Number of protein chains: 2
Amino acid sequence: MKYNRYTLVVLATIILSSFSVDAQKKQAIVIQDQGSFAVGGSVVTAPGTFDPIKHGAFNPANQSSEGQTLHGDHAYVFYQIPDKARKLPLVMWHGYGQFSKTWETTPDGREGYQNIFLRQRFPVYLIDQPRRGRAARGTVGGTIAAAPEDQLWFGIFRLGVGNEFYPGVQFSKDPEALNQYFRQMTPNIGPIDIEVNTKAVSALFDKIGEGILVTHSHSGGQGWMTAVKNKNIKAIVSYEPASNFLFPEGQVPETITYAGGSLRAVGVPMADFMKLTKIPIVIYYGDNIPSQPVENPGQEQWRAALTMAKRWAETVNKLGGDVTVVHLPEIGIKGNTHFPFSDLNNVEIAGLMSNWLKDKGLDK
Amino acid sequence: MKYNRYTLVVLATIILSSFSVDAQKKQAIVIQDQGSFAVGGSVVTAPGTFDPIKHGAFNPANQSSEGQTLHGDHAYVFYQIPDKARKLPLVMWHGYGQFSKTWETTPDGREGYQNIFLRQRFPVYLIDQPRRGRAARGTVGGTIAAAPEDQLWFGIFRLGVGNEFYPGVQFSKDPEALNQYFRQMTPNIGPIDIEVNTKAVSALFDKIGEGILVTHSHSGGQGWMTAVKNKNIKAIVSYEPASNFLFPEGQVPETITYAGGSLRAVGVPMADFMKLTKIPIVIYYGDNIPSQPVENPGQEQWRAALTMAKRWAETVNKLGGDVTVVHLPEIGIKGNTHFPFSDLNNVEIAGLMSNWLKDKGLDK
């Protein structure tokens with residue numbers, strides 16, 4: 001049998017194509033640069049003079065802060081710039097009780113948004129907000145309770161109720177996945193201070209320039225606030241924003257009450273609000289969010305949030321903005337928890353985000 | 001002017017060579033796999049039954065731990081496997097008041113051991129020990145003081161005394177470098193528990209198999225203890241080990257007292273001690289460690305540690321071990337702080353480690 005050059009090219013193409021699924025999965029990530037830094041924060045100086053001879057030993061019984069400084073309240077950032085990088089980096093900001101791990105390996109050991117978007121040639125910056133994870137050094141002390149509360153978060157994060165998973169939930173039933181999931185909860189090291197947090201993340205955008213902010217839950221509202229502070233935020237992708245929806249003063253909607261709590265909107269001057277109409281924003285919510293009141297507070301909180309998010313989108317869009325709210329079950333994607341980006345179908349969820357970025361011309 | 005083919009090849013070689021220094025600096029790191037996980041730890045379960053309706057809302061005034069679990073006391077690991085990886089990974093464990101940042105970007109913004117050794121094709125695992133950084137979730141609570149103590153650590157970490165750098169110290173005088181350095185200090189989240197820590201790191205070696213442990217300061221002594229627990233630790237590189245030197249019971253040397261404290265050796269059964277004679281170990285200490293007592297506690301602690309390390313090496317080697325203690329100024333390398341791996345000359349310091357790994361056949 002003889003092959004001409006054309007035949008060989010076709011054959012080679014077929015052979016390469018047959019390997020492409022597996023090859024894609026195991027393809028290397030080519031990193032042009034990676035590293036970490038602290039950004040933002042403040043410095044406290046205790047009065048007096050430090051005496052390095054008298055107080056220079058590590059000895060808790062003979063410690064003195066006199067004349068010493070404390071550097072704290074910064075955010076901590078780990079970044080990776082892939083080869084042939086796209087222009088706008090993705091800056092990923094975790095939610096309440098979480099840290100940068102949110103975006104790394106999923107609880108069941110698959111790739112999270114960090115790797116998925118590096119493979120799509122986006123620079124990826126992972127934030128630990130002030131007083132959390134690797135940014136634990138705050139200027140204000142605190143007490144860590146170490147109270148058992150895994151099942152509380154199992155409910156609020158909508159894996160299920162008590163210890164029972166929702167039917168069809170996009171979460172692995174391997175016990176090790178739940179073990180890893182519970183271990184990615186992490187305490188607040190000192191009080192949460194939204195002004196401290198948004199200042200630090202704004203300082204990050206001052207340092208790196210223009211980028212796309214990706215938020216989750218508690219960082220959703222903080223994300224709107226940071227975008228008001230910093231023009232370098234060119235777009236926001238927000239997963240299940242939980243609180244701090246900003247409305248123009250005088251147009252703040254009624255507080256939404258629900259089983260277990262209430263969700264209050266926040267008024268800001270019109271000039272600040274208008275900044276949110278200048279950038280494209282997409283918001284995603286997962287499954288098991290009821291449309292009518294139920295008795296389970298773990299679901300109720302998200303009924304309130306989704307209701308508020310829709311009102312917010314209407315208000316921003318009426319004033320010329322570009323906010324899209326995607327309730328995943330409404331487009332046929334079922335079973336997602338409060339963490340769609342690490343759920344079993346996270347490649348599909350990432351695909352939605354990629355398409356949105358492309359539609360908005362943010363993937364150049 | 002005419003060129004034949006040979007001339008062109010020579011010219012091209014010369015041109016490529018002239019770019020090689022810059023190219024080397026900016027060469028991409030090819031990552032076959034990267035990710036993160038929690039390892040080790042324990043689970044606490046509060047008595048009673050969790051009621052998801054009554055206690056399922058995030059509401060500090062109505063919280064209850066009844067029937068809930070707490071997953072804590074794990075270590076947290078971020079790993080990267082480079083292309084064409086060498087067989088034995090480097091597992092890097094930070095010291096007191098520090099976390100995985102120790103091994104990442106240096107305070108002055110250059111590459112740290114993470115990138116340096118990835119470029120040498122070693123798999124690199126960075127640990128946050130239990131109750132520190134990304135492994136903050138412990139099973140025991142605690143109080144964070146947020147006390148100013150930067151100058152205490154400036155002294156103990158041997159950058160200088162008070163706020164004055166030592167002459168010739170291998171640390172950038174750019175104020176931003178010191179800012180970053182102080183911000184890589186991080187509090188203990190709950191009490192330090194050496195048994196918890198060494199169990200978690202041993203669990204890591206159970207998971208990943210054979211590897212080389214790289215320790216710093218407080219993890220030095222914990223490293224010996226973990227090597228006693230786990231045969232998968234095939235070698236140890238220890239920077240400025242500070243405490244917990246293990247000796248055979250009955251051969252424990254005298255406690256070394258110094259200005260500001262004392263250093264006590266630890267006795268272990270001979271069978272445990274002998275495990276430390278089966279693996280190659282190298283220890284490095286930097287500069288500004290006096291050979292005779294001085295009044296500055298920031299230096300004295302290290303005079304004690306270096307003295308103890310030399311005694312320890314003698315004891316291990318007498319029983320068939322292979323411990324090398326390198327006091328850097330004695331081989332002509334001056335100005336190093338307590339963090340030689342991130343000092344201005346860290347490429348040279350890494351070179352010593354690479355050569356040692358090669359000499360011991362650990363870089364296959």
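## A walk through the two chains

In this predicted model, strand β1 of chain A, made of residues 29-39, is joined by 3 bridges to β1(B), and the two strands run antiparallel. One place to see this pairing is A:Ile29, whose bridge partner in β1(B) is B:Ile31.

From these strands the view can widen to the whole interface, where 85 residues of chain B are in contact with 85 residues of chain A. Putting the two chains together buries an area of about 6,700 Å², and carbon and sulfur atoms account for 52% of that area. On the side of chain B, the residues that lose the most area to chain A are B:Arg137, B:Pro148 and B:Arg183, which together make up 12% of what that side buries. Across the interface of chain B and chain A the rule finds 0 salt bridges, while 41 residue pairs, both members at pLDDT 80 or more, are found in polar contact. Strand β1 of chain B, residues 29-39, supplies 9 residues, which is the largest share of the side of chain B that touches chain A. Sorted by class, that side of chain B has 36 nonpolar, 38 polar and 11 charged residues.

Although the rule finds 0 salt bridges across the interface of chain B and chain A, a search of the whole structure finds 28 salt bridges over all chains. Side chains of opposite charge can pair when their charged atoms come close. In chain A, A:Arg303 forms such a salt bridge with A:Glu300, with the closest N and O atoms 2.8 Å apart. Because A:Arg303 and A:Glu300 lie 3 residues apart in helix α9 of chain A, residues 297-318, they are separated by about one helical turn. Both A:Arg303 and A:Glu300 are buried.

Chain B offers a salt bridge in another setting, where the side chains of B:Lys310 and B:Glu330 meet at 3.5 Å, taken from N to O. This pair links distant parts of the chain, 20 residues apart, since B:Lys310 belongs to helix α9 of chain B, residues 297-318, and B:Glu330 to the loop between β17 (322-327) and α10 (346-359) of chain B. B:Lys310 counts as partly exposed because its relative accessibility is 36%, whereas B:Glu330, with a relative accessible area of 56%, is exposed.

A further salt bridge of chain B joins B:Asp322 to B:Lys360, and here the closest N and O atoms are 2.9 Å apart. The two residues are 38 residues apart and again link distant parts of the chain, with B:Asp322 in strand β17 of chain B and B:Lys360 in the segment after α10 of chain B. B:Asp322 has a relative accessible area of 26% and is therefore partly exposed, and B:Lys360, at 33% relative accessibility, also counts as partly exposed. Back in chain A, a network of salt bridges links A:Lys87, A:Glu210 and A:Lys234.

The next stop is a set of paired strands in chain B. Strand β10 of chain B, residues 211-216, is joined by 6 bridges to β11(B), and the two run parallel. Within this pairing, B:Gly211 has B:Ile233 of β11(B) as its bridge partner, and B:His216 has B:Tyr239 of β11(B). Strand β5 of chain B, residues 90-93, also pairs with β10(B) in the parallel sense, over 4 bridges, and B:Leu90 stands opposite B:Ile212 in β10(B).

These strands can also be read by how far they are covered. In β10(B), 6 of its 6 residues are buried, and the strand is mostly covered. Both faces of β10(B) are covered, with B:Gly211, B:Leu213 and B:Thr215 buried on one side and B:Ile212, B:Val214 and B:His216 buried on the other. Strand β11 of chain B, residues 233-239, has 6 of its 7 residues buried, so this strand is largely enclosed by the rest of the structure.

A last stop in chain A is A:Gln129, which is found in the loop between β6 (124-128) and β7 (142-144) of chain A. Because its relative accessibility is 2%, A:Gln129 counts as buried. The side chain of A:Gln129 makes a polar contact, at 2.9 Å, with the side chain of A:Trp93. Leaving aside residues up to four places away in sequence, A:Gln129 touches A:His74, A:Trp93, A:His94, A:Ala135, A:Asn197 and A:Gln222.

Notes:
Residues are numbered from 1 along each chain as its sequence is written. Chains are lettered from A and ligands numbered from 1 in the order in which they are written. This is a predicted model: local features need pLDDT of at least 70, side-chain atom pairs count only at pLDDT 80 or more; totals for chains, interfaces and linings use all residues. Side-chain values use heavy atoms; hydrogens and water are left out. Contact means heavy atoms within 4.5 Å. Buried area is the accessible area (1.4 Å probe) that two parts lose on being put together, summed over both. A salt bridge is a side-chain nitrogen of Lys or Arg within 4 Å of a carboxyl oxygen of Asp or Glu. A polar contact is a pair of N or O atoms within 3.5 Å; within protein, one must be able to donate a hydrogen and the other to accept it, and residues adjacent in sequence count only if both atoms are side-chain atoms. Ala, Val, Leu, Ile, Met, Phe, Trp, Tyr, Cys and Pro count as nonpolar, Asp, Glu, Lys and Arg as charged, and the others, Gly among them, as polar. Two strands pair if DSSP finds at least two bridges between them. Buried means under 20% relative accessible area, exposed over 50%, partly exposed in between (1.4 Å probe, protein chains only).
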